[in-house]
Amino acid sequence: MVMDEERGDEIGEQEELNVVEELVGVVEMVAQFGDYRRTQRKECYNLVRRMKLLLPLFEELRDLDGSISDKDIACLCNLKKTLVLAKKLLKTCNEGSKLYLALESEAIMVRFHTIFDKLSQALDDLHYDDLPISEEVREQVELMSLQLKRAKKRTDTQDIELAMDMMVVFSRKDDRNADRAIVERLGKKIELHTVEDLKLETIAVRNLIKEKGHNAESTQHLIDLLNKFKQVAGMEEINILDEPVMPKMLAKCPSLMIPHEFLCPITLEIMTDPVIVASGQSYERESIQKWFDSNHRTCPKTRQTLPHLTLASNYALKNIILQWSEKNNFKLPSKDNPGDHESSSADLKEEILSLVEGLSSSHLETQRKAVKKVRLLSKENPENRILIAHNGGIPPLVQLLSYPDSKIQEHAVTALLNLSIDESNKKLIAREEAIPAIIEVLQKGSIEARENSAAALFSLSILDDNKMIVGLSNGIPPLVELLQNGTIRGKKDAATALFNLSLNQANKTRAISAGIVAPLLQLLNDRNLGMIDEALSIFLLIAAHPDGRQEIGQLSFIETLVEFIREGTPKNKECAASVLLELASNNSSFILAALQFGVYEYLDDMAKNGTNRAQRKANALLQLMSKSEQIP
């Protein structure tokens, strides 16, 4: 009997030691993850920091000799489950698809809050009085538990600018003038603006689709947006669901199918110097080295953490590729002969210099041809935009904005829109005092010139300094006028520009004074325009301003919001609830008005069945109603 008790004590000690070692292991593994996707970076670092703060507790527990009760061992096991969930989420934010994480940012945030909740509960369940740990460690853990409780109360951390950009980019009804500028801003925000970024994202999206299954609508969302980024970067689009993927070099000979195992999983091109990583996968040496140089310790294809980053030449695969190439008369790409590329670059630079000279020609036809060609070249790829700017193309384009020929004016403002996609060009264009000239085209130009002027102002105002310049240059009233009376495309470009400009507080006041509320109400009433979400997003900004609340706080508007909460699309409901919450948080009379139109029933349904963000908005509104004692 004594032996059985001793054996039981040994098993208990071993179980205690195992769970503590596992807890330490999880935290140490998370500490090696490195960088995280920008959309969740702040939350990831906060979670990792808190997990690391638990290490002193685990180390003290590890030094105890069988002094932990069965109840506390059970609590530690529960804590381990939560930390494993945290590790899984952090891994997704470390190496998952950037597009998926941006699209699902609200859902991902809910997962963070769930972990904060579980972690706080697991720490509260520990019996600290029974654990012989130091006072310092106990105070540190209790402080962290308090911080977690505060963190889980933060209900709305959405990036409104990101949400609006996503909304606009996914509008498929027509090709927006501002699309490229929005995609460029999105690319910088979620770090998808280089060719290497996009190649790696292609792999991440493919892995995600394989892992989560093929949902037609959500998959197409990801692929469409990925292809938009590739267009802006000047990359070739491919169908990432098709395997094997045919590289660019084989496009001219479709009858020749390259064996899938010859393709580098990163570049999707045939390998000339294949190497093997610790996971057993083969990659082109140059591409996998860049991956490792970017602080990744995972295999891009399998996504498993690698025990080491040693590269071993895959001579067997290299010989097979060489034999296949000889047999099929296929010429492998040469990395050592950049002559053709240099020659092509020199020709392009010479052409651009000639075009820039043509922009200042005294011959009208020469100017027309030059500005049209510059417009086309500046649309094609990022390199052209940089070359045109570096070779003096911006000043003559700005001069042409005031030219009496309407077609030249239109080409010039559109060329500046295209050039402004590059962030450094935004500063150069503003420095040439182009913004007042663009505003003049917005006021007096042709229909297409006015639309592209609005898009150009949006693109330029991505920089905060330029937001101020547009506002001070009286650019907001003509944008409001375009929103009121423009074509559908003009209204959309004006709405996007006005949303962006109204992120600046002074511009919010200017937009309200310019009468933005009336055309926004029209957009809500004319559902055929398909601009309800855009209008509600601008209303959300205006509702944060006292003058804005006074302008829009009328019964008919509240009734319209309640109608969208009742029968709108999921996104309509979410946006309408956000506006109502902003209004109601500042004035309880808006709650009473909404209740008169039956909003309580619709919010109750939304709290159960809405999108993640809609549920949080609905719950916040219901809580406000409860505090105000306005629930019927």
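In this predicted model, F262, W324 and F330 come together as a cluster, joined up by ring pairs. Searching the whole structure turns up five aromatic pairs. One of them is Y36 with Y45, an edge-to-face arrangement with the ring centres 5.5 Å apart and 85 degrees between the planes. The two tyrosines sit in rather unlike settings: Y36 is buried at a relative accessible area of 3%, whereas Y45 comes out at 39% and counts as partly exposed.

F112 and F116 make another pair, this one tilted, with 6.5 Å from centre to centre and 45 degrees between the planes. An angle of 45 degrees gets that label because stacked planes have to be under 30 degrees apart and edge-to-face ones over 60. Both phenylalanines belong to helix α6 (residues 105-125), and because they are four residues apart there, about one helical turn separates them. F112 and F116 are both buried. F116 also has a charged partner, since R50 lies over the face of its ring, 5.4 Å from the ring centre.

Turning to charged pairs, the whole structure holds 19 salt bridges. K80 and E22 form one of these, with 2.8 Å between their closest N and O atoms. K80 is in helix α4 (residues 70-95) and E22 in helix α1 (residues 2-31), so this bridge ties together parts that are 58 residues apart in sequence. Both ends can be reached to some degree: K80 is partly exposed at 23% relative accessible area, and E22 is partly exposed at 37%.

The bridge between E191 and R41 likewise has its closest N and O atoms 2.8 Å apart. Here the parts tied together are 150 residues apart in sequence, because E191 lies in the loop between α9 (179-189) and α10 (195-212) while R41 belongs to helix α2 (residues 41-53). E191 and R41 are both buried.

K571 and E574 give a more local example. Their closest N and O atoms are 3.0 Å apart, and both residues lie in helix α30 (residues 570-586), where being three residues apart puts about one helical turn between them. Burial differs across this bridge: K571 is partly exposed, with a relative accessible area of 28%, but E574 is buried at 6%, which falls below the 20% cut-off for that class.

Salt bridges also link up beyond simple pairs, with R375, K407, E410 and E448 joined in a network.

Conventions:
Residues numbered from 1 in each chain as written. Predicted model: local features only at pLDDT ≥ 70, side-chain atom pairs only at ≥ 80, totals over all residues. Heavy atoms only, no water. Phe/Tyr/Trp six-rings, centres within 6.5 Å; stacked < 30°, edge-to-face > 60°. Buried < 20%, exposed > 50% of the residue type's maximum accessible area, 1.4 Å probe, protein only. Helix = DSSP H or I, 4+ residues; strand = E, 2+ residues; numbered from the N terminus. Lys NZ or Arg CZ within 6 Å of the ring centre and 35° of its normal. Salt bridge = Lys/Arg side-chain N within 4 Å of Asp/Glu carboxyl O.
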